[in-house]
Amino acid sequence: MNQAVIGFIGVGVMGEPICRHIATKGTTPVLAFDLNQEPLQRLAAHDVRAVDMDELARSADIVFLSLPSGEIMQKLVTGPGGLAERLSPGKTLVDLSTSSVDVTLAVAKVLQAKGILFADAPVMRTRAAAEAGTLAVPVGASEEVFEQIAPFIRRFASDVTHAGNVSAGQVVKILNNMVLYETVLALSEAAAIGRRAGVDPQVLFQAFSTGSADSFALRNHGMKAIAIQDFPKKAFPVSYAKKDISYAVQLAEQVGVNPTGAHNLLTTLQQAIGAGYGDLYAPAISLVFEGSKP
């Protein structure tokens, strides 16, 4: 399968570097589609060929999707004229987006009826990890499909986990983000409390890093964003974090768990959006406690 033709739909903030790694770490032909021409022009320098949706669906054996939400993914796949109608039986579709479990299973059911293989492989870690090719990817798929797609995922990910059957990848990703941003919320509260009590957040977080509060969230979201109040727009925004946490709350309720921490986080995310921070990097929820825009 090393010479399979790869199709890639959605070459945005995360999709562009992922697509580039797939193209440059092997001889596999890569076709790409996006409504934005700028990243496609950049990818052309790496032998990624921009095509329309018809040609991509016709020519690609494995199609990767990197889209903003599960709802957009579902519309693209199962809506009128979608990929479910365009792809022929035996081809494989891989969703790198973060989607709800319900949407993932609904899409999988439609594709299965048409003989199209499917995997959910939502990416974890930051934009910098996407650029470096060191993402973490939990995959929900049959053993057969996982073995087929894993070599291509390893071109852009340093950690690949077969989490289980279809939807298991989304369960892992959704809960990963729930835990991550509940920690970001705790760091936001600590920074505001510390500042008002006379301790600079940079000093506070440096001290945390030597103690039991050390974490990935502290070193990346705390030190690099909250402490210095730097929340760029071209990064994972508050609005996307709200989407993911909404998925987590929905899943928790479906399986009979009351996710009190996630509910609290969701309230803060909504407050941040209401205050005008929705497009800022997700740790901007700390501004809810600071009371001012950057």
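## Tyr181 and its stacked partner

Tyr181 is buried, with a relative accessible area of 3%, in this predicted model. Phe236, by contrast, is partly exposed, its relative accessible area being 27%. The ring centres of Tyr181 and Phe236 lie 6.0 Å apart with the planes at 20°, and because planes under 30 degrees apart count as stacked, the pair falls in that class. Since Tyr181 lies in helix H9 (residues 168-196) and Phe236 in the loop between helix H11 (216-226) and helix H12 (238-254), the pair ties together parts of the chain that are 55 residues apart in sequence.

## Other aromatic contacts

A pair of aromatic rings is described by the distance of the centres and the angle of the planes. The model holds five aromatic pairs in total, and one of them joins Phe64 to Phe156 in an edge-to-face arrangement, with 6.4 Å from centre to centre and 85° between the planes. This pair links distant parts of the chain, for Phe64 belongs to strand E4 (residues 62-65), while Phe156 is found in the loop between helix H8 (143-153) and strand E8 (157-164), 92 residues apart. Phe64 and Phe156 are both buried, and together with Phe8 they form one aromatic cluster.

A ring also takes part in a contact with a charged group: the charged end of Lys243 sits over the ring of Tyr240, at 5.8 Å from the ring centre.

## Strands E7 and E8

Strand E7 (residues 135-140) pairs with E8 in the parallel sense, and the pairing runs over six bridges. One of the residues involved is Leu135, whose bridge partner in E8 is Ala157. Between these two strands the chain passes through H8, and the resulting β-α-β crossover from E7 to E8 is right-handed.

## Two nonpolar cores

The largest nonpolar core comprises 37 residues, and those with the most contacts inside it are Phe205, Ile245, Leu269 and Ile285. The elements that contribute two or more residues to this core are H9, helix H10 (201-209), H11, H12 and helix H13 (260-274), with H9 giving the most, namely eight residues. For Ile245, once neighbours within four places in sequence are left aside, the residues in contact are Asn177, Met178, Ala262, Leu265, Leu266 and Leu269.

A second core, separate from the one just described, has 36 residues and includes Val48, Ala129, Leu135 and Phe156. Two of these names recur from earlier sections, as Leu135 is the bridge partner of Ala157 and Phe156 is a member of the aromatic cluster with Phe8 and Phe64.

## A buried loop residue and an exposed helix residue

Val51 lies in the loop between strand E3 (48-50) and helix H3 (53-59), and with a relative accessible area of 9% this residue is buried, since the term applies to values under 20%. Not counting residues up to four places away in sequence, Val51 touches Leu31, Ala32, Phe33 and Leu56. The C-alpha atoms of Val51 and Leu40, which are 11 residues apart along the chain, are separated by 9.6 Å.

Lys75, in helix H4 (residues 70-78), has a relative accessible area of 67% and is therefore exposed, the limit for that class being over 50%. The C-alpha atom of Lys75 is separated by 9.4 Å from that of Val107, a residue 32 places apart from Lys75 along the chain.

Key
Residues are numbered from 1 along each chain as its sequence is written. This is a predicted model: local features need pLDDT of at least 70, side-chain atom pairs count only at pLDDT 80 or more; totals for chains, interfaces and linings use all residues. Side-chain values use heavy atoms; hydrogens and water are left out. Rings of Phe, Tyr and Trp (its six-membered ring) pair if their centres lie within 6.5 Å; planes under 30 degrees apart count as stacked, over 60 as edge-to-face and the rest as tilted. Helices (H or I, at least four residues) and strands (E, at least two) are DSSP runs, numbered from the N terminus. Buried means under 20% relative accessible area, exposed over 50%, partly exposed in between (1.4 Å probe, protein chains only). A charge sits over a ring if NZ of Lys or CZ of Arg is within 6 Å of the ring centre and within 35 degrees of the ring normal. Two strands pair if DSSP finds at least two bridges between them. A crossover is right-handed if, with the strands pointing away from the viewer, the path from the first strand over the helix to the second runs clockwise. Contact means heavy atoms within 4.5 Å. A nonpolar core is a set of buried Ala, Val, Leu, Ile, Met, Phe, Trp, Tyr and Cys residues joined through side-chain atoms within 4.5 Å.
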